[in-house]
Amino acid sequence: MESASHNTDGEMLWAAVGKDRRWDALGGLRVLPDEILCIILTKLTPCDVARLSCVSSVMYILCNEEPLWMGLCLSIINRQLEYRGSWKKTTLHQLDLLNNYNEACRLSLQFDGFSSLFLYRRLYRCYTSLNGFSFDDGNVERNENLSLEEFHMKYGGQKPVLINGLADNWPARKSWTSEQLLLKYPDTKFRISQRSSKKISMTFKDYISYTQIQHDEDPLYIFDDKFGETAPDLLKDYSVPHIFQEDYFDVLDIDQRPPFRWLIIGPERSGASWHVDPGLTSAWNTLLCGRKRWALYPPGRVPSGVTVHVNEDDGDVNIETPSSLQWWLDFYPLLADNDKPIECTQLPGETIYVPSGWWHCVLNLETTIAVTQNFVYSKNFEFVCLDMAPGYSHKGICRAGLLAIDSRFEEIEKNVVCIENSSSYSDLSRKEKRVRMCKSPEDAGYENCINGMSISNRSGDLEYSYDISFLSIFLDNERDHYTSLWSSSNCIGQREMRGWLSKLWFRRPELRELIWKGACLALNAEKWYERVGEICAFHEYPPPLLEEKLPVGTGSNPVYLINDRVIKIFAEGGLESSLYGLGTELEFYNLLHKLNSSLKNYIPPVLASGILLFENGSYRVLPWDGRGIPEVIASCDLISIKHNEVDYPFGVWGKKEFEYQNAGRPLHEFGNHGKNYLMWPYIVTKRCRGEIFAELRDALSLEDTLNLASFLGEQLHNLHLLTVPHPPTNESIPVVIEDYIQPSHGNGFSRNVTDKIDHPTELKLYISILNRKRKDVLRRLAEWGDPIPSKLIEKVDEYIPYDLTVFFDKLENETEVCKFCSWIHSDVMDDNIYMIPRCSDSLSEENTSDPCLEKSTYLRRSNNSNIQEHSWAPSHILDFSDLSVGEPILDLIPVYLDIFRGDSHLLKQFLDSYKLPFVRKESLMVGLDNRCNQLSYRAISSETHL
């Protein structure tokens, strides 16, 4: 191979001639391997690659490789994908440049004196045929006609199995062929799986056209988790096999549970590279047509050529792996017999079961169509919960075995009490800690290896065990679910995780023993249960009953419903943030009763509050009503802001200063976030009767929903009219110096309603804080999870500019801009509203006995006197720990997006009750109401009239 010929499609033709032209054509870059050069090219834009192809003959060859243009196209894709015969043409089509590209007029260029083993191997993979590439003598056990009991006894959670006959009665066995699906779904868009951060979709007819002409090393692969929504009739063509029907994620609504089912269609050479299923779930995969080759390794055995990265901050798992075809061609032949994976060839009608934690790689030997689902059941539930726990060591151990053990090995080793002669490990180096891989199913140790039930000391090696008691040893006890970063690689969001366990706890009481074990792993539930028990004991409350052991809901702090009380322990953001949360809430409640506002009838009364402290091996409770600085806090250097002598140093103005100080910082740098100070503020309130709105939403009538909108309008109106405490005259507020926010002594905000922004520095401060928050907004929205739609998060960059100064440039000619300070709840969402059932006689004026209904004007009278018993009325607004001061419109955003879900009729009902007029730009200068001159209203009005 001493010469290369290259046409405009990037096709390499090899011949034997000439001298090496690499020296002259690459200059100083000749020292780099071709693989590195090709990686560098993928970092350029398509236009830059096109320009670089003109530099030299070798650059022309490298820059016209089809795999390169495939990667470039998928990285810049901004519309539906349509394959145009080559990836270079497809890229130009995406850039609207295809009409400027006339390939027919160009001569084919040929170059002697260049060879590349890397390019040749890649070219070979693009054109290789897999007709005879099977492994019919695979060592995955085959079975059929399995009962549920037989499956659990022989395979559940232990080892893979190929099962025949589960899909015999499915309509999909006959109707799921490329030809029939093309007839029925030609214009249906399906999601494509590829190594790209972009979400790619193609119509089915375009995809089939692509598969018939492509010659890609790693072809596009339909891997669609939304096929049930885009093509719902497909769900009628199959049913979950009886042995896989138990799925604990079923308690979640379909839009809240993680992706769990996929339609899989791919041509020859496509497939899934080495991976462990998300969240350590188990999976079943049924093949409808074609043949698939499978390779599997037991948990902890990392395949050759695969690297596992685990982020030490949030436990995010990233796996580097070659494509499935490349692995089988380049790595598999080099493996010794005892290092080869467990293998099989899956045939149409067969279903393969993949247990939790097993590595697997799949290669399509021809065009295949399959359906797969991941599930959580009794055998893997604890592993799924373990994988959600904060930290990183256990995530690495679950996937990479003892190779992932870090410098904490000696400390961890002391906890492995079941290992004999553990002292013999003390001098082991990292290289000496290895995974023991069993050779075959016949090997005497095979069952112990895959069952993960043994831990032993043999020849100086700690033997890996995929057992929950062993793996939990590697949990980081210093990290807590409520104060630690959440990994973006987790299969479910942090709020959804809490909601899932809470729903399981109440809906599946027969599973509570198992759920408790999982909650202890994921949420540190046993520690929080112990703490809430100490609070109950101090206040002489009855201890939690069995059904009250687990925190409820999706909130960011552990909340317990115990008898007729609600106990919330503040944890989110660390100790300092928690003190401001509780201090502000207590200041607000005091003001509410001092002013005798009617709003107090719709907020649960406070029964107790304080700080739980752990010291000298025991707990101690310190009552605290929010006034002053508790002695235990004052005596320690725990607070970043020094407060003066005020009634509520951790009240709303102290909280604002704390927020300004930390604006835009990453969560793990926020105050003392994540640090274990063994102190937890808490509050006890009266428990509301009824149900939260989130549980009732779909069952409410239109009238009930309109009543809710009116209720919220009235109560937020009352909230926003409450007097805002004036900050102390010597309270410091931040000002801007270059890129930093530093404290300066000043008068702060206005006493009650409005104050003119007439100083450039103050406006600069306001914009700077917004810009700092803007930098981190995508990550924070993604971490928040439901109910913020992922599609909305993806478009943040389109409608929020990086420099928010542009919003205020529109106001440069205005002579009077006011800022408005009122109390704002900040978190009025569907899980913070309680509703109670009502019947016809409860609505009459003389029978309105519930204090939450007294003096309320929000109940709309129905023309039908026979109101059904399942009608619901709002009674309470909960969770004021996110209280702040600012623009009232900030409370409208979560109400409109989360509670109303964008319903304009509900918004109008809300505004009618709130009595807030829409303001047009022409009326901004007319002094109808001070609210009309608020900064947010003027900015929004300006944007609306662009």
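Guide: Angles from 65 to 115 degrees count as roughly perpendicular. Keep that handy, since we're looking at a predicted model.

Visitor: Okay, why are α20 and α21 called roughly perpendicular to each other?

Guide: Helix α20 (residues 512-523) and helix α21 (residues 525-538) pack at about 90°, with 6 Å between their axes. That angle falls in the 65 to 115 window, so α20 and α21 are roughly perpendicular.

Visitor: Which residues meet there?

Guide: From α20 you get Trp516, Ala519, Cys520 and Leu523, and they meet Ala525, Glu526, Trp528 and Tyr529 of α21. The split is seven nonpolar, no polar and one charged. Glu counts as charged, so Glu526 of α21 is the charged one.

Visitor: And what makes α2 and α7 roughly perpendicular to each other?

Guide: Helix α2 (residues 34-41) and helix α7 (residues 117-127) cross at roughly 70°, their axes coming within 8 Å. The window runs from 65 to 115 degrees, so α2 and α7 get that label too.

Visitor: How do the residues of the contact of α2 with α7 divide?

Guide: Into three nonpolar, no polar and three charged. On the α2 side sit Asp34, Glu35 and Cys38, meeting Phe118, Leu119 and Arg122 in α7. Asp, Glu and Arg count as charged, so Asp34, Glu35 and Arg122 are in that group.

Visitor: How do you know that Asp387 and Arg399 meet in a salt bridge?

Guide: Their side chains sit 2.9 Å apart, N to O. The rule asks for a Lys or Arg side-chain nitrogen within 4 Å of an Asp or Glu carboxyl oxygen, so the pair qualifies. Asp387 belongs to helix α14 (residues 381-388) and Arg399 to helix α15 (residues 393-400), so to speak distant parts of the chain, 12 residues apart.

Visitor: How many salt bridges does this rule give?

Guide: The count comes to 34.

Visitor: What makes Leu792, Tyr799, Leu890, Ile893 and Leu897 a nonpolar patch?

Guide: A patch takes residues with over 30% relative accessible area and no salt bridge, with nonpolar side chains joined within 5 Å. These five form such a patch on the surface, with about 450 Å² of accessible area together.

Visitor: Which helix gives the most to the patch?

Guide: Helix α32 (residues 889-899), with three residues. Leu897 has its place in α32.

Note on methods
Residues numbered from 1 in each chain as written. Predicted model: local features only at pLDDT ≥ 70, side-chain atom pairs only at ≥ 80, totals over all residues. Heavy atoms only, no water. Axes fitted to C-alpha atoms, helices over the stretch in contact; angles between N-to-C directions. Helix = DSSP H or I, 4+ residues; strand = E, 2+ residues; numbered from the N terminus. Parallel < 35°, antiparallel > 145°, perpendicular 65-115°, else oblique. Contact = heavy atoms within 4.5 Å. Patch = residues over 30% accessible without salt bridge, like charges linked within 9 Å, V, L, I, M, F, W, Y side chains within 5 Å. Areas by Shrake-Rupley, 256 points an atom, 1.4 Å probe, with all protein chains shown as cover.
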